[in-house]
Amino acid sequence: MSQCPKCKRENCSCDDLDCNLCPEQIPTRRFASPNSPLPPRSLDELQECIEAANDLLRSLGNRRDPDNQRQLQLELLALQNICVKAEINCGRQKKREKIGILVTAGRDFIEINSSDGDLVFVLFNRLIIIDRDKSCKTNIHQEQDLIDEDKCTKRELSLNFGEFVAKRPELINLFFGIPLHLYLLKFLGEEVKVKTDDETIMNATLSEVEEGRIEVKGIDGTIGINMDEICFIEIIGFC
């Protein structure tokens, strides 16, 4: 089939040699309709934030999957040294909020430096949501990335990885993730406040930590608490 040289339509009713019946098409530029009033750069930044938030929400939504906890840890480490607000599930439809600087995230927990100077530890399975907050500022020294480490450190990582990393808990956490029961060992003997689903234990010291369980010693003696009963643990006045 031939096309009309002017209107470019097939089976045109006009004569190919004298196509005066068809209006000549005028070339015009075509523009995609804008989908946002934001400038392109601002729109790109917004889309990156949305993707990061979606990744974090997907991680939180699947946090009960043991293979997904490492992913969640890495997502939360991106918020390190940033002021955050964490909503915590304390059972029986009770929610608690903790606001402060996200110090670190381990294999199964986060550590927050609260505004009153206490360290707060929350297990992943107690987190309802965690988000940025503008109500506090950080003076915490920003930890260097491995890419900024000196040549000696990089050499040790390359040649003596296992021995070198084993001596630095922060690197163990970065490469493998530290569970809360191991991380708490350095706080043995410190004053703690433990919030469980049913009670709040205060004026006690952390006396023992093992996988799935801690012990605190107070005026009423030693109390054993299962980890799955704990909403959060506070190390009092440690900062």
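Start your tour by selecting Ile-201, which is buried, with a relative accessible area of 8%. Keep in mind that you are looking at a predicted model. Ile-201 sits in strand E7. Setting aside neighbours within four places in sequence, show the residues in contact with Ile-201: Val-192, Lys-193, Val-194, Val-216, Ile-223 and Ile-225. Now pick one of those partners, Ile-223, and draw a distance between the C-alpha atoms: Ile-201 and Ile-223 are 22 residues apart along the chain, and the separation is 9.3 Å.

**Next stop: along E7 to Asn-203**

Stay in strand E7 and select Asn-203, which also has its place there. Is Asn-203 buried or exposed? Asn-203 counts as exposed because its relative accessibility is 59%, above the 50% cut-off. Check the backbone too: phi of Asn-203 is near 50°, a positive value in a residue other than glycine. As background for that reading, most residues other than glycine have a negative phi.

**Two hairpins, one after the other**

Colour residues 200-210 as strand E7 and residues 213-218 as strand E8; the two pair in the antiparallel sense over five bridges. To find your bearings in this pair, select Leu-206 and look across to Val-216 in E8, which stands opposite. Val-216 is already familiar as one of the contacts of Ile-201. E7 and E8 form a hairpin with two residues between them. In that turn, click on Gly-212, where phi is positive at about 85°.

Now add strand E9, residues 221-226. How many bridges join E8 and E9? There are six, and the pairing is again antiparallel. E8 and E9 also make a hairpin with two residues between them. Select Gly-218 and then its bridge partner in E9, Gly-221.

**Across to a loop**

For a second asparagine with a positive phi, go to Asn-81, at about 65° and likewise not a glycine. Asn-81 lies in the loop between helix H2 (69-77) and strand E1 (83-89). Here the relative accessibility is 8%, so Asn-81 counts as buried, being under the 20% cut-off.

**Inside: the cavity**

Next, turn on a cavity display. Rolling a probe the size of a water molecule over the atoms shows where empty space is left. A search of the whole structure turns up one cavity of 30 Å³ or more, and the largest cavity has a volume of about 30 Å³. Which residues line the largest cavity? Select Phe-121, Val-122, Leu-123, Leu-180, Met-227, Ile-230, Cys-231, Phe-232 and Ile-233. Strands E4 (119-123) and E10 (230-235) each supply at least two residues of this lining, and E10 gives the most, with four. Colour the lining by residue class and you get nine nonpolar, no polar and no charged residues.

**Zoom out**

Finish with the whole chain in view as a cartoon, where you can count six helices and ten strands. Of the 239 residues, 36% count as buried. Switch to a surface: the chain exposes about 15800 Å², with carbon and sulfur atoms supplying 49% of it. If you like contact maps, restrict yours to residues at least 6 apart in sequence; 48% of those contacts join residues at least 24 apart.

Key: Residues numbered from 1 in each chain as written. Predicted model: local features only at pLDDT ≥ 70, side-chain atom pairs only at ≥ 80, totals over all residues. Heavy atoms only, no water. Buried < 20%, exposed > 50% of the residue type's maximum accessible area, 1.4 Å probe, protein only. Contact = heavy atoms within 4.5 Å. Areas by Shrake-Rupley, 256 points an atom, 1.4 Å probe, with all protein chains shown as cover. 1 Å grid on protein atoms, 1.4 Å probe; cavity = no way out; pocket = protein on both sides within 12 Å on 5 of 7 lines; lining within 4 Å. Points joined across faces, edges and corners; volume = space filled by probe spheres on them. Nonpolar A, V, L, I, M, F, W, Y, C, P; charged D, E, K, R; others polar. Pairing = 2+ DSSP bridges.
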